[in-house]
Amino acid sequence: MRLQTTYDPQPDKADKGTWTINAHRAPFSALAWQITFDATTPVELLHDVHAELLDLYLEDRHSDQDRLFEDETAPHEAYAPFLARGWSHDVKTDGTQTFLTPKELGGVRHRYAISGSSGPAWRSWGGYPSEPYWTAHFSVGTPTTLVAAFTASLISTEPLHRTVQDVPLHTRRALYLATTTVKQLHGNTPVAPPPPALVSGRTR
């Protein structure tokens, strides 16, 4: 088994570059599956996918399972949470289904009919579909468990620390503030809490 994450910068283009995860069943064997992220993809999404990747690797290494290449997780486990969060759902006869956030500032497209077709099995983006701020692609063969880790991270409502400059202009209207609280120690003078940080929900 060979797993590798690489970063391919594009110095001639601001904020451009690609993170790639490649998986091979054996060194020098053909590529089994691949995940790519734009450099502008929120770091939390990359972290959560890599954390799940490590878990699968360790699970396979210490058992007779092979979930990195023979994962049996059903696709609905990756997209069902969208429906519970009010995302729209559109199914087309070309074998794809698309899920959009309530404000249509992000989405996921799943190609459920893969016979005789090319392209990624899963595609996600942040921002408007016509001009996304970031995109992520999961090739055919990618463990659905990794996709599910990605989508769970995508819809998480855990607050994130962001500066205004970190947030694309056209998505700032979708932000909300999460205030911080400071626990007061008994007998001490109250301490004024810091100003609230500008954050977004984890629908990134």
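Two residues count as in contact when heavy atoms of theirs lie within 4.5 Å. Keep that cut-off in mind for what follows, and keep in mind too that this is a predicted model.

Let's start at one loop residue. Thr40 sits in the loop between strand S3 and helix H1 (43–61). Leaving aside residues up to four places away in sequence, Thr40 touches Asp15, Tyr133 and Trp134. Is Thr40 buried or exposed? The cut-off for buried is under 20% relative accessible area, and Thr40 comes in at 15% relative accessibility, so it counts as buried. There's a polar partner as well: a polar atom of the Thr40 side chain lies 2.7 Å from the backbone oxygen of Tyr133.

**The overall layout**

Zooming out, the protein has three helices and 10 strands. Read from the N terminus, the elements go β-β-β-α-α-β-β-β-β-β-α-β-β. There are 204 residues in the protein, and 38% of them count as buried. The protein exposes about 12,000 Å², with carbon and sulfur atoms supplying 55% of that. As for contacts between residues at least 6 apart in sequence, 47% join residues at least 24 apart.

**The sheet**

Eight strands make up an open sheet, and its order is S1-S2-S3-S8-S7-S6-S5-S4, with antiparallel pairing. Why do S1 (2–9) and S4 (88–91) each have a side without a neighbour in the sheet? They stand at the edges with a single partner strand each, so one side of each stays free of a neighbour. On average, neighbouring strands of this sheet are turned by 15° against each other, direction ignored.

Here are four of the strand pairs, each with a residue pair that stands opposite across it:

| Strands | Bridges | Opposite residues |
|---|---|---|
| S2 and S3 | seven | Thr18 and Asp38 |
| S3 and S8 | three | Ile35 and Phe138 |
| S5 and S6 | five | Leu100 and Gly107 |
| S6 and S7 | five | His110 and Trp122 |

Two of these pairs come with hairpin details. S2 and S3 form a hairpin with six residues between them, and Phe28 in the turn has a positive phi of about 70°. The hairpin of S5 and S6 has five residues between the strands, and there Glu104 takes a positive phi near 55°.

Strand S6 (residues 106–111) deserves a closer look. How many of the six residues of S6 are buried? Five are, so S6 is largely enclosed by the rest of the structure. On the S7 side, His110 stands opposite Trp122, while Gly106 has Gly126 as its bridge partner. On the S5 side, Gly107 stands opposite Leu100.

**Helices against the sheet**

Now for what packs on those strands. Helix H3 (residues 144–155) lies across strand S3 (31–38), S6, S7 and strand S8 (131–138), and runs at about 155° to S8. Ser153 has its place in this helix. With a relative accessible area of 3%, Ser153 is buried. In sequence Ser153 and Leu46 are 107 residues apart, yet their C-alpha atoms are 9.3 Å apart in space.

Helix H2 (residues 76–84) has buried residues too, namely Ala78, Tyr79 and Phe82. They cover an arc of only 65° around the axis, which puts them on the same side of H2. That fits the usual helix geometry: an α-helix has 3.6 residues a turn, so residues three or four places apart point the same way. What do the buried residues of H2 pack against? They pack against strand S5 (96–100), S6, S7 and H3. Just after H2, Gly86 takes a positive phi of about 85°.

**Pulling it together**

S6 and S7 turn up in both helix stories: H3 lies across them, and the buried residues of H2 pack against them. H2 also meets H3 through those buried residues. S6 itself pairs with S5 and with S7, and is largely enclosed by the rest of the structure. At the edges of the sheet, S1 and S4 each have a single partner strand.

Technical notes: Residues numbered from 1 in each chain as written. Predicted model: local features only at pLDDT ≥ 70, side-chain atom pairs only at ≥ 80, totals over all residues. Heavy atoms only, no water. Pairing = 2+ DSSP bridges. Helix = DSSP H or I, 4+ residues; strand = E, 2+ residues; numbered from the N terminus. Axes fitted to C-alpha atoms, helices over the stretch in contact; angles between N-to-C directions. Buried < 20%, exposed > 50% of the residue type's maximum accessible area, 1.4 Å probe, protein only. Areas by Shrake-Rupley, 256 points an atom, 1.4 Å probe, with all protein chains shown as cover. Arc of directions from axis to C-beta. Polar contact = N/O pair within 3.5 Å; in protein donor to acceptor, adjacent residues only side chain to side chain.
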